[in-house]
Amino acid sequence: MLLSLSIWLPIVSGLILLALGRDDQAKTVRWLALVAAIASFAVTLPLITGFKVDTAAMQFVENFYWIERFNIHYHLGVDGISMWFVPLTAFITIIVVLAAWEVIESRVNQYMGAFLVLSGLMVGVFSALDGMLFYVFFEATLIPMYIIIGVWGGPRRVYAAFKFFLYTLAGSLLMLIALLYLYLKSGGSFDIQTWHKLPLPLDAQTLLFFAFFAAFSVKVPMWPVHTWLPDAHVEAPTGGSVVLAAIMLKLGAYGFLRFSMPIAPDAAREYAWFIIALSLIAVVYIGLVALVQKDMKKLVAYSSIAHMGFVTLGFFIFNELGVSGALVQMISHGFVSGAMFLSIGVLYDRVHSREISAYGGVVNTMPKFAAFALLFAMANCGLPATGGFVGEWMVILGTVKYSFWLGAIAATALVFGAAYTLWMYKRVYFGAVTNDNVRGLTDINGREFLMLAVLAVAVLWMGVYPKPFTDVMHASVTELLKHVAMSKLQ
């Protein structure tokens with residue numbers, strides 16, 4: 001029941017908040033949302049303490065009929081690949097509720113409710129072991145995020161929300177066709193683990209691989225279908241940007257490991273060069289694009305695309321260092337990118353500008369905040385002893401084992417990452433105070449200090465002691481790579 005609680009506790013809590021419906025109850029709504037978010041995180045903790053690291057089997061499994069006529073099951077479970085994303089999702093939701101505490105003043109119940117519902121749906125994506133259940137959760141996540149961007153976003157929020165929705169929906173329709181094909185091919189089963197064992201010819205695998213690629217590459221997002229992300233980030237409220245970067249991008253990357261590689265292993269090996277090429281373009285080209293941005297949010301949005309390029313690169317070099325490194329990168333990016341967007345949100349709440357040129361000398365008026373921002377900037381650069389380093393380093397080492405020259409190209413991302421992140425930090429935080437906006441700033445309050453401190457601990461913990469994360473994923477990653485290596489056409 002732990003996974004069901006992790007999914008439905010935030011969803012039901014969110015729906016209750018939506019029903020409250022009046023802004024004069026905003027204070028009560030905020031506390032209820034915080035209690036619901038903390039409770040949702042608390043029910044995920046037994047997943048960590050009770051997880052057996054020495055097996056690749058699914059754990060905490062729940063399985064019973066949902067729609068019996070079509071053999072659709074309510075089938076949940078997590079393995080070493082998916083387990084950490086459940087508590088990560090719940091944790092980020094607490095941060096988002098705290099971030100909106102004083103900033104969102106109208107429709108507070110709808111804002112908090114939308115994030116709680118979204119949290120439950122995303123946990124559902126990471127837990128679903130039935131293909132149709134996965135699809136329902138995967139598509140349903142679009143609705144609350146569409147509302148969050150469209151209602152509480154910036155001046156071009158409607159355009160950004162439509163672009164986000166249409167891009168991600170279009171790719172998913174091809175995935176639905178692939179799921180229905182697998183349902184027929186498996187004799188009427190939507191069980192994902194059954195699909196992993198289907199003996200499919202290469203031409204069928206190729207079509208399935210690219211159908212899944214259409215859905216997951218947009219969600220990651222990979223170059224060249226990444227253009228919706230900067231618009232969505234720039235227009236989204238701070239909480240929307242945090243969840244989008246920290247969790248929603250991971251849904252697409254997770255799909256590659258749960259569907260593309262195990263269901264179409266021969267096609268995955270056949271077209272690995274294609275994914276590797278797109279990933280390296282994202283790492284290098286998007287890093288250069290980030291260098292010329294004038295908007296802080298847009299810069300960090302492009303930075304996210306470059307970092308996610310490491311993830312898809314790590315998956316398709318088919319060695320344990322690469323895949324494990326990519327998974328570690330997904331988790332650490334959740335902490336680091338979330339912290340980066342929160343830091344921008346702290347400044348935006350005070351100055352109401354995201355332009356780098358509107359700042360300068362922030363360290364003089366907000367020294368505590370500038371210290372946190374420096375830590376997160378260093379983690380975004382991939383500084384050793386921070387969470388941003390471990391995953392990228394593992395992927396680079398794995399890529400060097402695969403091909404020295406590809407590893408060398410991937411390593412340039414560390415240079416570009418340092419360049420655009422430190423260039424932004426220098427212009428925003430260092431130097432003399434150059435305008436009245438910065439001169440009038442006040443340092444972070446207790447609530448802001450708490451959420452940034454918790455994220456700082458997470459970033460440092462992952463950087464100094466990543467063993468709990470790598471231990472959990474080891475058995476499942478090994479089993480997945482063995483399955484891909486032993487594919488039928490080898």
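In this predicted model, helix 11 and helix 12 pack against each other at an angle of about 140°, and their axes lie 8 Å apart. The contact brings Trp228, Leu229, Ala232 and His233 of helix 11 up to Ser241, Leu244, Ala245 and Leu249 of helix 12. By residue class, this contact holds six nonpolar and two polar residues, with no charged ones. Helix 11 covers residues 228–235, and helix 12 covers residues 238–263.

A second helix pair is formed by helix 5, residues 108–127, and helix 6, residues 131–140. Their axes come within 8 Å and cross at roughly 145°, and the crossing of helix 5 past helix 6 is left-handed. On the helix 5 side, the residues in contact are Leu121, Gly124 and Val125, which meet Phe134, Phe137, Phe138 and Ala140 of helix 6. Six of the residues in this contact are nonpolar and one is polar, while none is charged.

Attention turns next to the open spaces in the model. Rolling a probe the size of a water molecule over the atoms reveals where empty space remains. The largest pocket holds about 520 Å³ of space. Its lining is made up of 30 residues, and those nearest the centre of the pocket are Val103, Pro237, Thr238, Tyr348 and Asp349. Several helices contribute at least two residues each to this lining: helix 7 (142–152), helix 11, helix 12, helix 16 (320–351) and helix 22 (446–464). Among the contributors, helix 16 provides the largest share, with six residues. In character, the lining of the largest pocket comprises 16 nonpolar residues, seven polar residues and seven charged residues. Helix 11 and helix 12, the pair described at the outset, thus both appear in the lining of the largest pocket.

The second largest pocket has a volume of about 380 Å³. Here the lining consists of 15 residues, with Ala56, Gln193, His196, Glu479 and His483 lying nearest the centre. Helix 12 appears again, and together with helix 23 (467–485) it is a helix that supplies at least two residues of the lining of this second pocket. Helix 23 gives the most to the lining of the second largest pocket, namely four residues. Seven nonpolar, four polar and four charged residues make up the lining of the second largest pocket.

Helix 12 also takes part in a salt bridge. The model contains five salt bridges in total. One of these salt bridges joins arginine 258 to aspartate 79, with 2.9 Å between the closest N and O atoms. This pair ties together distant parts of the chain, 179 residues apart: arginine 258 sits in helix 12, whereas aspartate 79 sits in the loop between strand 2 (72–78) and helix 4 (85–99).

Finally, the backbone has a few features worth a look. In general, most peptide bonds are trans, and most residues other than glycine have a negative phi. Against that background, the bond between valine 220 and proline 221 is cis, with omega at about -10°. The peptide bond from tryptophan 223 to proline 224 is likewise cis, and its omega is near 10°. Proline 221 is located in the loop between helix 10 (202–219) and helix 11, and proline 224 also belongs to the loop between helix 10 and helix 11. Phenylalanine 60, which is not a glycine, has a positive phi, near 55°. This phenylalanine 60 is part of strand 1, residues 59–67.

How values were computed: Residues are numbered from 1 along each chain as its sequence is written. This is a predicted model: local features need pLDDT of at least 70, side-chain atom pairs count only at pLDDT 80 or more; totals for chains, interfaces and linings use all residues. Side-chain values use heavy atoms; hydrogens and water are left out. On a 1 Å grid over the protein atoms alone, a cavity is a set of points where a 1.4 Å probe fits but cannot get out, and a pocket is an open set with protein on both sides within 12 Å along at least five of seven lines; lining residues have an atom within 4 Å of a point. Grid points are joined across faces, edges and corners, and a volume is the space filled by probe spheres set on the points. Ala, Val, Leu, Ile, Met, Phe, Trp, Tyr, Cys and Pro count as nonpolar, Asp, Glu, Lys and Arg as charged, and the others, Gly among them, as polar. Axes are lines fitted to C-alpha atoms, for helices over the stretch in contact, and angles run from 0 to 180 degrees between N-to-C directions. Contact means heavy atoms within 4.5 Å. A crossing is left-handed if the near helix is turned anticlockwise from the far one by less than a right angle, and right-handed if clockwise. A salt bridge is a side-chain nitrogen of Lys or Arg within 4 Å of a carboxyl oxygen of Asp or Glu.
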